[in-house]
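Let's take a walk through this one together, starting from a single residue and working our way around. Have the model open and follow along.

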Amino acid sequence: MVKTMTQANSIPHFGYCDEIVADRMMDLRRDLKKVAEARGIKMTLMPIIIKAISLALKQYPVLNASFDEAKGVMIYKGSHNIGIAMDTPNGLVVPNIKNVQAKSIFDVASDLNRLHAAAVKAAVAREDLSGGTFSLSNIGSIGGTYASPVIVPPEVAIGAIGRIQKLPRFDQEGKVIPVHIFNVSWSADHRVIDGATMANFSNLWKKYLEDPVSMVMDMR
Ligand code: COA
């Protein structure tokens, strides 16, 4: 962590935050949970969130890239190897789920279960820790709303998810209704990513989560 975060210190980070309505995503998770449980897999919201990131990365591949500072070139990565920050008794570990672009939500959940079980036992394999192309931190599983996540070099972007809360919001008719909301905080390398790209990526990801039918439509 000392080495990685020292390298990250030279990256000019910019942040972008938004709030996501989680009701439909929670309905989807409730239904998937039963199916996954029958297959021996724990299904949380994370596999849905991770798959939506991968679908959005397909449209914005510049965020799934690394920046070679010495040569001044971007290297686009074909694989979406999404690193997940895990809080373990031994501290922070960030294994990555390989090739999310080619996996189902169930496959992602299986990988997340496997990596989390290994992380808790301090037994994550070396290959699971290397080759990440994008990172996500679910700090909301502990608490909190917003964060300022630090990019994991040589990646160019990272996201942090806050805790889901039930909050009052206005509906189309102006009536106050209870809605499940969570916040996302993105950080990106401002040398190579501009704010509009980050915002467009985030909007697409948000649409997938707020309207999971659109996510199913774009899955291969
Ligand atoms: N808001 C509300 N509920 C949440 C949540 C959130 N943001 N994140 C998780 N939960 C819920 C889950 O849905 C699950 O609910 P259930 O008991 O009904 O099944 C429960 O909390 C436990 O989830 P968890 O075991 O944490 O699984 P996960 O897949 O959501 O997250 C990890 C897995 C590894 C990401 C998570 O355990 C973790 O370690 N988070 C901390 C990351 C961290 O340290 N970040 C800082 C990096 S600097």
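**Starting inside, then on to the ligand**

Threonine 133 counts as buried, because its relative accessibility is 4%, under the 20% that sets the limit for that label. Keep in mind as you look at it that this is a predicted model. You'll find threonine 133 in the loop between α5 (126-129) and β7. What does its side chain meet there? A polar atom of the threonine 133 side chain lies 3.5 Å from the backbone oxygen of serine 79.

From that loop, step into β7 (134-138), and you're at one of the elements that line up around the ligand. Along with β7, the elements α2 (23-38), β4 (82-88) and α4 (105-120) each give at least two residues to the ligand's shell. Which of them gives the largest share? That's β4, with four residues.

Now for the shell itself. There are 21 residues around the ligand, and the ones that come nearest are Arg29, Lys42, Thr44, Asp87 and Asn138. Sorted by character, the shell splits into nine nonpolar residues, seven polar ones and five charged ones. As for where all this happens, the ligand sits in the largest pocket.

Zoom in on individual atoms and a few polar pairs show up. Aspartate 87 uses its backbone: one of its N or O atoms there is 2.8 Å from a ligand oxygen. Serine 141 takes part with its side chain instead, placing a polar atom 2.9 Å from a ligand nitrogen. Then there's glycine 162, where a polar backbone atom lies 3.1 Å from a nitrogen of the ligand. How much of the ligand does the protein cover? On its own the ligand has 960 Å² of accessible area, and the protein covers 72% of that.

Let's stay with β4 for a moment. Methionine 86 is found in this strand, and it counts as buried because its relative accessible area is 4%. It's also a handy point for getting your bearings with serine 141: the two are 55 residues apart along the chain, and their C-alpha atoms are separated by 10 Å.

For another buried residue, go to strand β10 (residues 176-189), where you'll find aspartate 189. With a relative accessible area of 1%, aspartate 189 is buried. What does its side chain contact? The partner is the side chain of arginine 191, in a polar contact at 2.7 Å.

**Some unusual backbone**

Time to look at the backbone, with a rule of thumb in hand. Most residues other than glycine have a negative phi, and most peptide bonds are trans. This model has a few spots that go the other way, so let's visit them.

Asparagine 99 isn't a glycine, yet its phi is positive, at about 55°. It's placed in the loop between β6 (96-97) and α4. Is asparagine 99 buried, exposed or partly exposed? It's partly exposed, because its relative accessible area is 30%, which falls between the 20% and 50% limits.

Follow α4 to its other end and you come to alanine 122, in the loop between α4 and α5. Here, too, a residue that is not a glycine has a positive phi of about 55°. Alanine 122 counts as exposed, though, because its relative accessibility is 56%.

The peptide bond to check is the one joining proline 153 and proline 154: it's cis, with omega at about 5°. To find it, look in the loop between β7 and β8 (157-161), where proline 154 lies.

**Two isoleucines in loops**

Two last stops. Isoleucine 164 has its place in the loop between β8 and β9 (165-170), and it's partly exposed, with a relative accessible area of 27%. Its C-alpha atom is separated by 16 Å from that of isoleucine 50, a residue 114 positions away along the chain.

Isoleucine 41, on the other hand, belongs to the loop between α2 and α3 (46-59). Being in a loop doesn't put this one out in the open: isoleucine 41 is buried, at 14% relative accessible area. From its C-alpha atom to that of leucine 92, 51 residues apart along the chain, the separation is 23 Å.

Notes
Residues numbered from 1 in each chain as written. Predicted model: local features only at pLDDT ≥ 70, side-chain atom pairs only at ≥ 80, totals over all residues. Heavy atoms only, no water. Near = heavy atom within 4 Å. Polar contact = N/O pair within 3.5 Å; in protein donor to acceptor, adjacent residues only side chain to side chain. Areas by Shrake-Rupley, 256 points an atom, 1.4 Å probe, with all protein chains shown as cover. 1 Å grid on protein atoms, 1.4 Å probe; cavity = no way out; pocket = protein on both sides within 12 Å on 5 of 7 lines; lining within 4 Å. Sits in = over half its atoms within 2 Å of the grid points. Nonpolar A, V, L, I, M, F, W, Y, C, P; charged D, E, K, R; others polar. Buried < 20%, exposed > 50% of the residue type's maximum accessible area, 1.4 Å probe, protein only.
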